[in-house]
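Q: I have a structure in front of me and would like to learn how to read its sheets, helices and core. Where do I start?

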Amino acid sequence: MIIIPAIHITFSLEKPLTVPVNYQHLLQAFVYKILPQKEATFLHEHGFQHQNRTYKLFVFSTLQSSNITYDKETKKLTFYDKLYLSISSIIPDIVEKTANFLLLSADLEMNGVSLKVESLEFDKLEVQDSEIVVRALSPITVYSTFERRDGSKITHFFSPFDKVFEHLLEENFIRKYEAFYNKPFAEEGQVLSVEPIQVDSRDKVVTNYKSTWITGWKGMYRLKAKPEYLSFLLNTGLGSKNSIGFGMIRPESTLPKRD
């Protein structure tokens, strides 16, 4: 398996950046603009197929900053000074070409505010152990959809404290793995263990994405699996909806130090 590093991008802001608290669609549009266009087009139009599901196999963090304010009346966030964003993918050219684009870009914009690339850090991690502690840089989400008697559907999102949470994460991982390698998963029995070790109600994130409510969880987790599988998850994301910015995880010990 090829291990592709993630990139951690530091932006400086021309002026404070104000976005809706549910800014996921704005961030997704920004990320797709900085991805290499050939690969982005492939992901958008095709992706990797598994039965009736499509996986994009890249993931990105939420917007990070050490200086954020929230206005309860307008329900908007304002970022000051520096802004941080991380992107990772199992697709070989995504990270390298995105980094090259960012290094050559003098004119980036989000919600009308100019962003300048201040620095790029590469996370050249390849997992060697079968156990790692990770922090969720964007909320981890898993869910099941049920059909009512009248034919309407309801979606239930699970918390890390639900017994089915770990099982659904494992099933999601296997489907993504099969989609990428285009072959059935050979192993039987449990192949992924997920244990919340520093997660509480403050880590619950409820986001409205294009009129759909999504619940996810940040926090810290202990993952156990083969090193190859853990490396795959670091590159593709843990759980569902990775390509709209959910489920990015990094080992706590490797996260860059920030002001």
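Q: Which strands does helix α5 lie across?
A: This is a predicted model. To place a helix, look for the strands it touches and then for the angle of its axis. Helix α5, residues 227-236, lies across β5 and β8 and runs at about 60° to β5.

Q: In what order do the strands of the open sheet with 5 strands stand?
A: Read a sheet from one edge to the other. Here the order is β5-β8-β1-β10-β9, with antiparallel pairing. From one strand to the next, the twist averages 35°.

Q: Why is one side of β5 and of β9 left without a neighbour in the sheet?
A: β5 (58-60) and β9 (108-110) each have a single partner strand, so they stand at the edges. For β5, 3 bridges make the join to β8, residues 82-89. Val59 has Ser88 of β8 as its bridge partner.

Q: Which strands does helix α3 lie across?
A: Helix α3 (residues 92-104) lies across β1, β8, β9 and β10, at about 20° to β1.

Q: What is the strand order in the open sheet formed by 3 strands?
A: That order is β2-β7-β6, again read from edge to edge, and the pairing is antiparallel. β2 (17-20) and β6 (68-71) are the edge strands. Between β6 and β7 there are 4 bridges, and Thr69 stands opposite Thr78 in β7.

Q: How many residues does the largest nonpolar core have?
A: A core is read by its size and its best-connected members. This one has 68 residues, and Phe173, Tyr221 and Leu223 are among those with the most contacts inside it. Helix α4 (residues 163-181) supplies the largest share, 7 residues. A second, separate core has 5 residues, including Phe157 and Tyr209.

Terms used. Residues numbered from 1 in each chain as written. Predicted model: local features only at pLDDT ≥ 70, side-chain atom pairs only at ≥ 80, totals over all residues. Heavy atoms only, no water. Pairing = 2+ DSSP bridges. Helix = DSSP H or I, 4+ residues; strand = E, 2+ residues; numbered from the N terminus. Core = buried A, V, L, I, M, F, W, Y, C linked by side-chain atoms within 4.5 Å. Buried < 20%, exposed > 50% of the residue type's maximum accessible area, 1.4 Å probe, protein only. Axes fitted to C-alpha atoms, helices over the stretch in contact; angles between N-to-C directions. Contact = heavy atoms within 4.5 Å.
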